[in-house]
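Student: I should like a close look at a single part of this protein, together with its surroundings. Please treat the matter as one connected account.

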Amino acid sequence: MALSSSKRKAFLLEAGSGIGHSRGMGGVLQRMFGKAGRGVFAALDLVLPERCPVCGTPVQGGAGSALCSQCFSDLHFSYPPVCDRCGASLLGGACSCPSAGAIARRRFALVYGGVATDLILKLKHGDRPDIANRLAVWMARAGGDVIAEADLLVPVPIHWTRLLSRQYNQAAELTRRLAALTGKPWDARALKRLRATPPQGHLGGAARRANVARAFAARSGLDVAGLAVVVIDDVVTTGATAEACAKVLRASGAASVDLLTAAAVLSDCPRT
Ligand SMILES: [Zn+2]
Ligand SMILES: [Zn+2]
């Protein structure tokens, strides 16, 4: 079933709607001076327009990490209906994914590549946690069905040494905003990363699984018995990291574990 052009447009418009306002000059100064400065400094956002987080083009009327129209048009969203196992849109044909292991269902907002990659890398390494505002809106849309059935949202943790250098966990930033948008509880400390695994960018599926094996553990005393948990991450490549997290959560009693990410690499997807 294909979306009609008007439905597709409505999807895009809704997906493009913004929340929050944390990056403009008013937001920056508000963080420096506290709430009292909000009214005074918000006016500065009118004078100094927000810039597209990807290309720097001024964006009029943006509400937190708004993209310019050119960058926005480069994004590829995963439109429903989607494959339960990989989350890819089925509009382009059937999917022949193998069984998903410990993860019941996958959902993602954007196909990784181009502007989507820029957004993820800036969120992850560019000190731009505000980009999570925009991504979370799209994720809430793409993962609406799994979130509706969720009891708990859990971000993929990063090792404390990475947290020290990066100052924030991008997956937790996404989860916090998703929780605010959907009213679902979240727990950033449900899982812990036992060791800082080396970057996986150049590794294949088997090597990635070996890389993350036993890298995660449940927090002592974690009680997720019988809960439907959704693991949240910025990007899924082979799914090895999320699978490792899901195994720990299932071993801790979770009734089901789904995965929701901002983006997904589809190059390995065995679609027919
Ligand atoms: Zn742009
Ligand atoms: Zn699939």
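The account below turns to one helix and then to the parts around it.

Tutor: The structure is a predicted model, so its confidence should be stated before any detail. The mean pLDDT of the protein is 81, and 75% of its residues reach 70 or more. Among the elements, helix H1 (residues 5–16) has the lowest mean pLDDT, at 38, whereas strand S4 (residues 152–155) has the highest, at 98. Over residues 1–31 the pLDDT is below 50, although this stretch has 54 contacts in the model beyond near neighbours in sequence.

As to the whole, the secondary structure of the protein comes to 11 helices and eight strands. Of its 272 residues, 41% count as buried. Among contacts with a separation of 6 or more, 70% are made by residues 24 or more positions apart.

The part chosen here is helix H5, residues 115–125. Which residues of H5 are buried? They are Val 115, Ala 116, Leu 119, Ile 120, Leu 123 and Lys 124. In an α-helix there are 3.6 residues a turn, so residues three or four places apart point the same way. The cover over the buried residues of H5 is drawn from several elements, including helix H4 (69–73), strand S3 (106–111) and helices H6 and H9. Strands S7 (228–236) and S8 (256–264) also belong to that cover.

After H5 comes Asp 127, which has a positive phi. The phi of Asp 127 is about 55°, although the residue is not a glycine. Most residues other than glycine have a negative phi. Asp 127 lies in the loop between H5 and H6. This residue is exposed, because 11 other C-beta atoms lie within 10 Å and the limit for exposure is 12 or fewer.

Two of the covering helices, H6 and H9, also pack against each other. Helix H6 (residues 131–142) and helix H9 (residues 170–182) have axes 9 Å apart, at an angle of about 60°. The two helices are therefore oblique to each other, and H6 passes H9 in a right-handed crossing. From H6, the contact takes in Ala 132, Asn 133, Leu 135, Ala 136, Val 137, Met 139 and Ala 140. Their counterparts in H9 are Gln 170, Glu 173, Leu 174, Arg 177, Leu 178, Leu 181 and Thr 182. By type, the residues of this contact divide into nine nonpolar, three polar and two charged.

The loop between H8 and H9 holds Tyr 168, and Gln 167 is found in that loop between helix H8 (160–166) and H9. Gln 167 has a positive phi of about 75° although it is not a glycine. With 9 C-beta neighbours inside 10 Å, Gln 167 counts as exposed. Tyr 168 has 15 such neighbours inside 10 Å and counts as partly exposed. This tyrosine leads back to H5: the C-alpha atoms of Tyr 168 and Leu 123, 45 residues apart along the chain, are separated by 9.9 Å. Leaving aside neighbours within four places in sequence, Tyr 168 is in contact with Pro 129 and Glu 173. Glu 173 also takes part in the contact of H9 with H6.

The loop between H4 and S3, two further elements of the cover over H5, contains Pro 81. A cis peptide bond joins Pro 80 and Pro 81, with omega at about 0°. Most peptide bonds are trans.

Two other places may be set beside this region. Arg 193 is found in strand S5 (residues 191–193), and with 22 C-beta neighbours inside 10 Å it counts as buried. Its C-alpha atom is separated by 5.9 Å from that of Ile 158, 35 residues away along the chain. Apart from neighbours within four places in sequence, Arg 193 is in contact with Pro 157, Ile 158, His 159, Ala 215 and Phe 216.

The second place is a further helix pair. The axes of helix H10 (residues 205–212) and helix H11 (residues 240–251) come within 9 Å and cross at roughly 40°. H10 and H11 are therefore oblique to each other, and their crossing is right-handed. Gly 205, Arg 208, Arg 209 and Val 212 of H10 make the contact with Ala 240, Thr 241 and Ala 244 of H11. The residues of the contact of H10 with H11 divide into three nonpolar, two polar and two charged.

Terms used: Residues are numbered from 1 along each chain as its sequence is written. Chains are lettered from A and ligands numbered from 1 in the order in which they are written. This is a predicted model: local features need pLDDT of at least 70, side-chain atom pairs count only at pLDDT 80 or more; totals for chains, interfaces and linings use all residues. Axes are lines fitted to C-alpha atoms, for helices over the stretch in contact, and angles run from 0 to 180 degrees between N-to-C directions. Helices (H or I, at least four residues) and strands (E, at least two) are DSSP runs, numbered from the N terminus. Angles under 35 degrees count as roughly parallel, over 145 as roughly antiparallel, 65 to 115 as roughly perpendicular and the rest as oblique. A crossing is left-handed if the near helix is turned anticlockwise from the far one by less than a right angle, and right-handed if clockwise. Two residues are in contact if their C-beta atoms, placed from the backbone, lie within 7 Å. Ala, Val, Leu, Ile, Met, Phe, Trp, Tyr, Cys and Pro count as nonpolar, Asp, Glu, Lys and Arg as charged, and the others, Gly among them, as polar. A residue is buried if 20 or more other C-beta atoms lie within 10 Å of its own, exposed if 12 or fewer, and partly exposed in between; C-beta atoms are placed from the backbone. pLDDT is the predictor's confidence in each residue, from 0 to 100.
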